[in-house]
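Here is a short tour of one protein chain, written for someone who would rather look than wade through tables. Keep the viewer open and follow along as you read.

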Amino acid sequence: APAGQTTQMIIGATPESDRQILKTSESLYKTFFMKRVYFSAYIPVVNSPLLPGTWSNPPLRREHRLYQADWLLRFYGFEADEILDDQTENLDMEIDPKVFWALRNIRLFPMEINRASMEELLRIPGIGNVSAMRIVRHRKMAAVRFEDLKKMGVVVKRAKYFITCCGRYYGNIDPEPDRVRKEIITEGLPLP
């Protein structure tokens, strides 16, 4: 495909891991300068010994998680090998890929919101490009307080486990991966 074009991948018809799919997407972006990779969950319509059965459910949540991981590749500076590796080849269907990455790299957290670089802010679950820019801009005038974060567009329910504000941690539990994962799932945060 010519540079700037898009391509589509069918997900779930063959046994590729999420890591293989993301590495292929990353390669398309870097080698062919693709503008966008689209994912489509495979919907079986014919019986074939080479394909999932016609009564199997399309992997819609997997499609959604791959879109989220793709967003991390394109807009947050992640690489496919950071998101998934040899030990972890598939995304967690219960939590978004950024939280999944953060929990596997919990040693980097919590980050102090008033000292983290722009690149570090973009690695914190619950903080996007716009809210990261607002945090950096606000820090030039005054320290960012926890109460300021929601007004800046931060998803505080998610970010609180991965940050400190003015040295204080607001997560209310030890930042231990299994506990944080369970807390995020049981809080009923909407699927991002």
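The report below goes from the whole chain to its core, then to two helices and a few loop residues.

## The chain as a whole

Please keep in mind that this is a predicted model. The protein chain holds 9 helices and 5 strands. Read from the N terminus, their order is β-α-β-α-α-α-β-α-α-α-α-β-β-α. Along the principal axes, the C-alpha atoms fit a box of roughly 60 × 40 × 30 Å.

Of the 192 residues, 44% are buried. Among contacts between residues at least 6 apart in sequence, 59% link residues that are at least 24 apart. The chain exposes an accessible surface of about 10600 Å², and carbon and sulfur atoms account for 55% of that. As for charge, there are 28 positive and 24 negative ones, and their mean positions lie 7 Å apart.

## The nonpolar core

The largest nonpolar core has 51 residues, and the members that touch the most others are Ile83, Ile113, Ile124, Ile135, Leu149 and Phe162. Helix 4 (residues 97-104) gives this core its largest share, 5 residues.

Which residues does isoleucine 83 contact, once neighbours within four places in sequence are set aside? They are Leu22, Ala69, Leu72, Leu73, Phe78, Leu91, Trp101 and Arg104. Of these partners, Ala69, Leu72 and Leu73 are also buried residues of helix 2, while Trp101 is a buried residue of helix 4.

## Helix 2 and helix 4

Helix 2 covers residues 60-75, 16 residues in all, and spans 22 Å from its first C-alpha to its last, close to the 22 Å expected. Its buried residues are Arg62, Glu63, Arg65, Leu66, Gln68, Ala69, Asp70, Leu72 and Leu73. An α-helix has 3.6 residues a turn, so residues three or four places apart point the same way. The cover over the buried residues of helix 2 includes strand 1 (6-11), helix 1 (18-32), strand 2 (36-41), helix 3 (80-83) and helix 4. Just past the end of helix 2 comes glycine 77, with a positive phi of about 80°.

Helix 4 is mostly covered, with 7 of its 8 residues buried. Those buried residues are Pro97, Lys98, Val99, Phe100, Trp101, Ala102 and Leu103. Their cover includes helix 2, helix 3, helix 8 (156-159) and helix 9 (177-186).

## Loop residues to look at

Most residues other than glycine have a negative phi, and most peptide bonds are trans. With that in mind, a few loop positions deserve a look. The bond from phenylalanine 109 to proline 110 is cis, with omega near -5°. Proline 110 sits in the loop between helix 4 and strand 3 (111-112).

Cysteine 166 has a positive phi, near 55°, and belongs to the loop between strand 4 (163-165) and strand 5 (168-169). Is this cysteine 166 buried or exposed? Cysteine 166 counts as exposed because its relative accessibility is 52%, and the cut-off for exposed is over 50%. Asparagine 172 likewise has a positive phi, near 65°, and is found in the loop between strand 5 and helix 9. At 69% relative accessibility, asparagine 172 is exposed too.

Lysine 151 lies in the loop between helix 7 (146-149) and helix 8. Its relative accessible area of 67% makes lysine 151 exposed. The C-alpha atoms of lysine 151 and serine 131 are 9.0 Å apart, although 20 residues separate the two along the chain.

Methods
Residues are numbered from 1 along each chain as its sequence is written. This is a predicted model: local features need pLDDT of at least 70, side-chain atom pairs count only at pLDDT 80 or more; totals for chains, interfaces and linings use all residues. Side-chain values use heavy atoms; hydrogens and water are left out. Helices (H or I, at least four residues) and strands (E, at least two) are DSSP runs, numbered from the N terminus. Buried means under 20% relative accessible area, exposed over 50%, partly exposed in between (1.4 Å probe, protein chains only). Contact means heavy atoms within 4.5 Å. Accessible areas come from the Shrake-Rupley method with a 1.4 Å probe; for residues, only the protein chains shown count as cover. Lys and Arg count as positive and Asp and Glu as negative; His and the chain ends are not counted. The place of a charge is taken as NZ of Lys, CZ of Arg, CG of Asp or CD of Glu. A nonpolar core is a set of buried Ala, Val, Leu, Ile, Met, Phe, Trp, Tyr and Cys residues joined through side-chain atoms within 4.5 Å. The expected span of a helix is 1.5 Å times one less than its number of residues.
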